[in-house]
Amino acid sequence: MPVHPALNTLRPEASQAPESGIVEVFNYGRDRQGLIPLWVGEGDLPTPGFISEAAQAGLTAGETFYTHQRGIPELRQALAGYHARLYGRPFDPERFFVTSGGMPAIQIALRMVAGHGDEVVVPTPAWPNFAAAAEVGAAKVVEVPLTYGNAGWTLDLDRYFEAVTPRTKALFLNSPCNPTGWTATRDELQAILDFARARGLWIISDEVYTRFFYEGERSPSFYDIAEPDDRILYVNTMSKNWAMTGWRVGWLSAPPAFGQVIENLVQYSSSGTPKFLQRGAVAALEQGDAFIDFQRQRAVEAREIVCSGLEKTGRIRLVRPAGAFYAFFSVDGEPDTRKLALRLVDEANVGLAPGDAFGAGGAGFMRLCYLRNLDQIREATRRLAEWLAK
């Protein structure tokens with residue numbers, strides 16, 4: 001494609017926004033006959049009927065007009081009720097703000113606390129969209145690589161804290177982590193919160209995978225230890241728990257005092273999330289606990305199939321993840337995982353994401369999303385094992 005002569009007149013934050021390494025492989029292999037796609041972060045189940053029916057009822061009722069910028073009251077109340085059940089204490093509906101997906105929640109959080117010349121400290125490997133969103137907003141991301149060893153992935157808190165400079169405005173934490181499955185303990189969260197409080201830093205806490213935790217109903221959370229007015233912005237989405245990735249409904253949780261600021265930022269981005277989609281989200285939160293349990297049990301079984309099958313090959317380095325639904329592993333003799341991902345499309349008919357798409361800390365690794373039909377997971381594992389044997 002020819003280069004447009006005005007390309008160099010665009011803001012560098014836009015023109016230099018990185019291409020997603022995940023999307024590159026996805027585009028390369030999306031039309032391959034019989035390919036098993038394990039590259040993106042979603043399961044293979046369609047949205048449950050009771051959620052779709054609630055949205056359809058809203059659509060049929062003509063709920064197609066502009067709506068509350070902060071989210072319809074029913075959804076904000078449902079979010080408060082969901083959190084109350086999950087964390088065992090009451091929540092104020094006024095602290096929840098509906099966004100058009102988890103990505104806009106992250107973008108709004110970043111616009112609130114970090115801009116030109118500011119820094120945000122991020123453990124990596126990490127979902128690449130956060131760093132890209134920060135840099136498009138002219139903030140600088142400071143990566144702190146997780147440590148990988150026999151115990152799996154760990155975060156060196158001293159190294160994390162030492163990355164903070166006078167320009168640092170926020171600490172970003174995704175726990176359980178995409179792609180590694182690393183999950184912060186309550187003590188680690190307390191140490192991070194104490195550090196942030198002492199230095200007046202914001203925390204942006206991405207808890208999207210909190211229900212995909214293999215040692216309990218949910219993972220440890222800042223909600224367990226924080227005061228309501230702490231400088232924490234929680235970002236989340238309907239996408240993973242309730243198989244609603246295509247719906248683009250998420251939320252931001254923040255002290256109610258920031259409500260007008262957040263409402264303004266919603267107004268100047270999406271102008272609100274469609275009301276009929278919010279009806280589906282209400283149904284998901286109020287009726288979807290059994291579906292979450294089903295998804296989590298499915299993930300438990302798939303994790304065992306993938307991890308045990310790949311470990312038997314003797315060619316991969318892998319530790320079972322504590323949370324999320326990804327296997328993140330390295331392959332002996334294959335340091336260039338971008339090229340490896342493209343080869344696996346051609347030679348094994350399996351789609352995986354290259355680890356270097358997740359920051360410098362992911363170099364040399366591959367990500368496999370295993371939240372899928374167990375027969376497909378068995379077949380994908382068999383194909384990979386056969387390829388590795390060659």
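Which residue in β4 is the bridge partner of Val 121? That was my opening note today, and the answer is Val 142. A reminder to myself before going on: this is a predicted model.

**Entry 1: strand β3 and its partners**

I began with β3, which spans residues 119-124. I looked up its burial and found six of its six residues buried. I then sorted them by face: Glu 119, Val 121 and Pro 123 lie on one side, while Val 120, Val 122 and Thr 124 lie on the other. Both faces are covered.

Next came the pairing. β3 runs parallel to β4 (residues 140-145), and six bridges join the two strands. β3 also runs parallel to β7 (residues 168-174), this time with three bridges. On the β7 side I noted Val 120, which stands opposite Ala 170.

I followed the chain from β3 to β4 as well. With helix α6 (residues 128-136), the two strands make a β-α-β unit, and I wrote down its hand as right-handed.

**Entry 2: a stop at Asn 129**

While in α6 I checked Asn 129, which belongs to that helix. Is Asn 129 buried or partly exposed? It counts as partly exposed because its relative accessibility is 28%, and the buried class ends under 20%. I also took one distance here: the C-alpha atoms of Asn 129 and Ile 106 are 9.1 Å apart, with their positions 23 residues apart in sequence.

**Entry 3: aromatic rings**

I searched the whole structure for aromatic pairs and got 21. One of them I took apart properly: Tyr 87 with Tyr 223, ring centres 4.9 Å apart. Why is this pair called tilted? The planes meet at 50 degrees, and tilted covers what is neither under 30 degrees nor over 60, so the label fits.

I liked where the two partners come from. Tyr 87 is in helix α4 (residues 73-87), whereas Tyr 223 is in the loop between β8 (202-206) and β9 (232-237). They are 136 residues apart, so I filed this as a link between distant parts of the chain. Both ends are buried by the numbers: Tyr 87 at 11% relative accessibility and Tyr 223 at 6%.

A second tilted pair went into the notebook: Phe 91 and Phe 96, 6.2 Å centre to centre with 40 degrees between the planes. Both of these phenylalanines are buried. Putting the pieces together, I found that Tyr 87, Phe 91, Phe 96, Tyr 223 and Tyr 234 form one aromatic cluster.

Then I looked for charges over rings. The charged end of Arg 32 sits over the ring of Tyr 28, 4.9 Å from the ring centre. Arg 303 lies over the face of Tyr 214, at 4.1 Å from the ring centre.

**Entry 4: the open sheet**

I moved on to a four-stranded open sheet with the order β11-β12-β15-β14 and antiparallel pairing. Which strands are at the edges? They are β11 (316-317) and β14 (353-354), each pairing on one side only. β14 is held to β15 (residues 365-369) by two bridges, and there Ala 353 stands opposite Arg 367.

**Entry 5: helix α12**

Helix α12 covers residues 337-347, and I listed its buried residues: Thr 337, Leu 340, Ala 341, Leu 342, Leu 344 and Val 345. A note on spacing: an α-helix has 3.6 residues a turn, so residues three or four places apart point the same way. What do the buried residues of α12 pack against? They pack against α2 (21-29), β12 (326-331), β13 (350-351), β14, β15 and α13.

I checked both ends of the helix too. At the start, a side-chain oxygen of Asp 336 reaches to within 3.3 Å of the backbone nitrogen of Arg 338. Just after α12, Asn 349 takes a positive phi of about 60 degrees.

**Entry 6: Thr 381 in α13**

My last look-up was in α13 (residues 374-389), the helix that holds Thr 381. Thr 381 has a relative accessible area of 7%, so I logged this threonine as buried. Its side chain reaches the backbone oxygen of Ile 377 at 2.8 Å. Leaving aside neighbours within four places in sequence, Thr 381 is in contact with Ile 305, Val 306, Gly 309 and Leu 310.

Conventions: Residues numbered from 1 in each chain as written. Predicted model: local features only at pLDDT ≥ 70, side-chain atom pairs only at ≥ 80, totals over all residues. Heavy atoms only, no water. Buried < 20%, exposed > 50% of the residue type's maximum accessible area, 1.4 Å probe, protein only. Polar contact = N/O pair within 3.5 Å; in protein donor to acceptor, adjacent residues only side chain to side chain. Contact = heavy atoms within 4.5 Å. Phe/Tyr/Trp six-rings, centres within 6.5 Å; stacked < 30°, edge-to-face > 60°. Lys NZ or Arg CZ within 6 Å of the ring centre and 35° of its normal. Pairing = 2+ DSSP bridges. Right-handed = clockwise from strand over helix to strand, strands pointing away.
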